[in-house]
Amino acid sequence: MAKQNGSTILRTSLAAALIGLGLVAAVMEVRADLTPSNTQRAALRVRFDTLWQAHVVTVDRALAQHDVSAAVAAWHDAYGAALASRGWEGMIAVGDAFLRIGTEAGTVSGSRSNARQAYLNALVRAHRDGSSEGMRRTAAAFAALGDHAVATQCLRVADTLAATNRKGV
């Protein structure tokens with residue numbers, strides 16, 4: 001009887017192991033279907049990297065209708081999308097958009113801090129990317145804010161990046 005119990009236990013254990021392996025294989029297959037491919041990931045990155053543009057268009061449409069509340073709401077979406085993107089371009093665009101909102105609302109000085117924060121994010125991203133163009137555009141944004149010290153520093157870094165890029169280093 002002990003042999004029969006032992007073989008029953010062995011058969012039960014093997015059956016459980018096979019069922020477990022089957023479940024693992026099924027889960028892995030489902031997971032593979034849910035995991036985006038490199039192409040899908042690249043497409044998602046492109047979508048996230050440009051999603052802010054649609055929100056900036058919405059900001060501008062609201063401003064054309066003199067609807068500051070709608071513009072601010074759209075700006076929040078634009079800023080979030082620009083944060084989710086990987087590039088500096090979106091941060092420059094949302095900073096500029098907030099200055100336009102401030103102009104429409106008659107609170108240009110109040111809008112400067114939000115624009116400045118966006119421009120600082122652009123500065124960091126442009127530097128990270130080694131983009132002399134991004135640093136120059138960021139410099140222009142800071143100059144428009146009247147922050148000439150930061151603008152000058154951005155231009156110095158842009159020149160250094162441009163020289164480095166020419167050397168191929």
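**Close-up views of the helix packing**

**View 1. Helix 3 and helix 4 cross with a left-handed twist.** This is a predicted model, and here we zoom in on one of its helix pairs. The two axes, those of helix 3 and helix 4 (residues 89-105), come within 9 Å and cross at roughly 165°. Anything over 145 degrees counts as roughly antiparallel, so that is the label for helix 3 against helix 4. On the helix 3 side, the contact is built from Val68, Ala71, Val72, Trp75, Ala78, Tyr79, Ala82 and Leu83. Helix 4 answers with Gly90, Met91, Val94, Ala97, Phe98, Ile101, Glu104 and Ala105.

**View 2. Helix 3 also meets helix 5, again in a left-handed crossing.** For this pair the axes come within 12 Å, and the crossing angle is roughly 15°. That makes helix 3 roughly parallel to helix 5. From helix 3, the residues in the contact are Trp75, Tyr79, Ala82 and Leu83. Their partners on helix 5 are Asn114, Gln117, Ala118, Asn121 and Arg125. Trp75, Tyr79, Ala82 and Leu83 turn up in the helix 4 contact too.

**View 3. Alanine 78 sits in helix 3 (residues 68-84).** Is alanine 78 buried or exposed? Its relative accessibility is 0%, so it counts as buried. Leaving out residues up to four places away in sequence, alanine 78 touches Trp52, His55, Val56 and Val94. Val94 belongs to helix 4, and both Ala78 and Val94 are part of the contact between helix 3 and helix 4. Alanine 54 is worth picking out as well: 24 residues separate it from alanine 78 in sequence, while their C-alpha atoms are 7.8 Å apart in space.

**View 4. Helix 6 packs its buried residues against helix 4, helix 5 and helix 7.** The buried set is Ser132, Gly134, Met135, Thr138, Ala139, Ala141, Phe142 and Leu145. With 14 residues, helix 6 reaches 20 Å from first C-alpha to last, close to the 20 Å expected at 1.5 Å a residue. Just past the end of helix 6, glycine 146 takes a positive phi of about 90°.

**View 5. Serine 132 is a buried residue of helix 6.** Its relative accessible area is 18%. Buried means under 20%, so serine 132 makes the cut. Which residues does serine 132 contact, leaving aside neighbours within four places in sequence? They are Ala158, Leu161 and Ala162, and these three are among the buried residues of helix 7.

**View 6. Helix 7 (residues 148-167) has the length you'd expect from its residue count.** At 1.5 Å a residue, its 20 residues should span 28 Å, and the end C-alpha atoms are 29 Å apart, which agrees. Its buried residues are Ala151, Cys154, Val157, Ala158, Leu161 and Ala162. Why do these line one face of helix 7? Looking down the axis, they fall within an arc of 145°, so they share one face. The background is simple: an α-helix has 3.6 residues a turn, so residues three or four places apart point the same way. The buried residues of helix 7 pack against helix 5 (108-129) and helix 6 (132-145). On the face turned away from that buried side, the exposed residues are His148, Ala149, Arg156 and Lys167.

Definitions and conventions
Residues numbered from 1 in each chain as written. Predicted model: local features only at pLDDT ≥ 70, side-chain atom pairs only at ≥ 80, totals over all residues. Heavy atoms only, no water. Helix = DSSP H or I, 4+ residues; strand = E, 2+ residues; numbered from the N terminus. Expected span 1.5 Å × (residues − 1). Buried < 20%, exposed > 50% of the residue type's maximum accessible area, 1.4 Å probe, protein only. Arc of directions from axis to C-beta. Contact = heavy atoms within 4.5 Å. Axes fitted to C-alpha atoms, helices over the stretch in contact; angles between N-to-C directions. Parallel < 35°, antiparallel > 145°, perpendicular 65-115°, else oblique. Left-handed = near helix turned anticlockwise from the far one by under 90°.
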